[in-house]
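User: Please take a close look at one part of this chain. I would like to know where one residue sits and what surrounds it.

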Amino acid sequence: MKKVLRRSSNDSSNNSTNSSSSSFTVRTVRYVECQKNHAASVGGYVVDGCREFMPGETAGAALTCAACGCHRNFHRKEVETDAASDCTSASSTPT
């Protein structure tokens with residue numbers, strides 16, 4: 001599973017109060033079932049049933065699945081995006 005964190009900042013300088021907001025986007029990438037057609041050379045369609053990409057243990061085998069031996073590109077990519085915002089403002093609170 002790979003997580004990517006991106007930040008975009010929006011500063012509103014036209015506003016009379018000092019406020020800034022920033023939003024964060026967290027993308028989680030998973031590689032699930034293998035879709036390699038093992039019978040393509042004979043005109044058929046057969047997949048091996050590998051349900052999730054598991055990287056190899058050595059540095060050279062990081063893109064090869066330890067379960068089925070296929071490259072990571074043969075596994076279907078699933079991207080989950082979560083958006084969160086952090087809004088801070090310098091406003092006066094009633095006393």
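User: Take His 75. Which strand holds His 75, and is His 75 buried or exposed? Which residues does His 75 touch?

Analyst: His 75 has its place in strand β3. The model is a predicted one. His 75 counts as buried because its relative accessibility is 4%, and the cut-off for buried is under 20%. Burial covers 13% of the 95 residues in the protein chain.

Now the neighbours. Leaving aside residues up to four places away in sequence, His 75 touches Tyr 31, Val 32, Glu 33 and Cys 34. It also touches Cys 50, Glu 52, Phe 53, Cys 65 and Cys 68.

Two of these contacts, Tyr 31 and Phe 53, lead on to the rings. The count of aromatic pairs is one. Tyr 31 and Phe 53 form that pair, edge-to-face, with 6.2 Å from centre to centre and 70° between the planes. The pair links distant parts of the chain. Tyr 31 belongs to strand β2 (residues 19–34), while Phe 53 lies in the loop between β2 and β3 (75–89). They are 22 residues apart. Both Tyr 31 and Phe 53 are buried.

Another ring has a charge over it. Lys 36 lies over the face of Phe 74, 5.2 Å from the ring centre.

Last, the wider setting. The protein chain has three strands and zero helices, in the order β-β-β from the N terminus. Among its contacts with a separation of 6 or more, 47% join residues 24 or more positions apart. The accessible surface of the protein chain is about 7300 Å², and carbon and sulfur atoms account for 48% of that surface.

Definitions and conventions
Residues numbered from 1 in each chain as written. Predicted model: local features only at pLDDT ≥ 70, side-chain atom pairs only at ≥ 80, totals over all residues. Heavy atoms only, no water. Phe/Tyr/Trp six-rings, centres within 6.5 Å; stacked < 30°, edge-to-face > 60°. Helix = DSSP H or I, 4+ residues; strand = E, 2+ residues; numbered from the N terminus. Buried < 20%, exposed > 50% of the residue type's maximum accessible area, 1.4 Å probe, protein only. Lys NZ or Arg CZ within 6 Å of the ring centre and 35° of its normal. Contact = heavy atoms within 4.5 Å. Areas by Shrake-Rupley, 256 points an atom, 1.4 Å probe, with all protein chains shown as cover.
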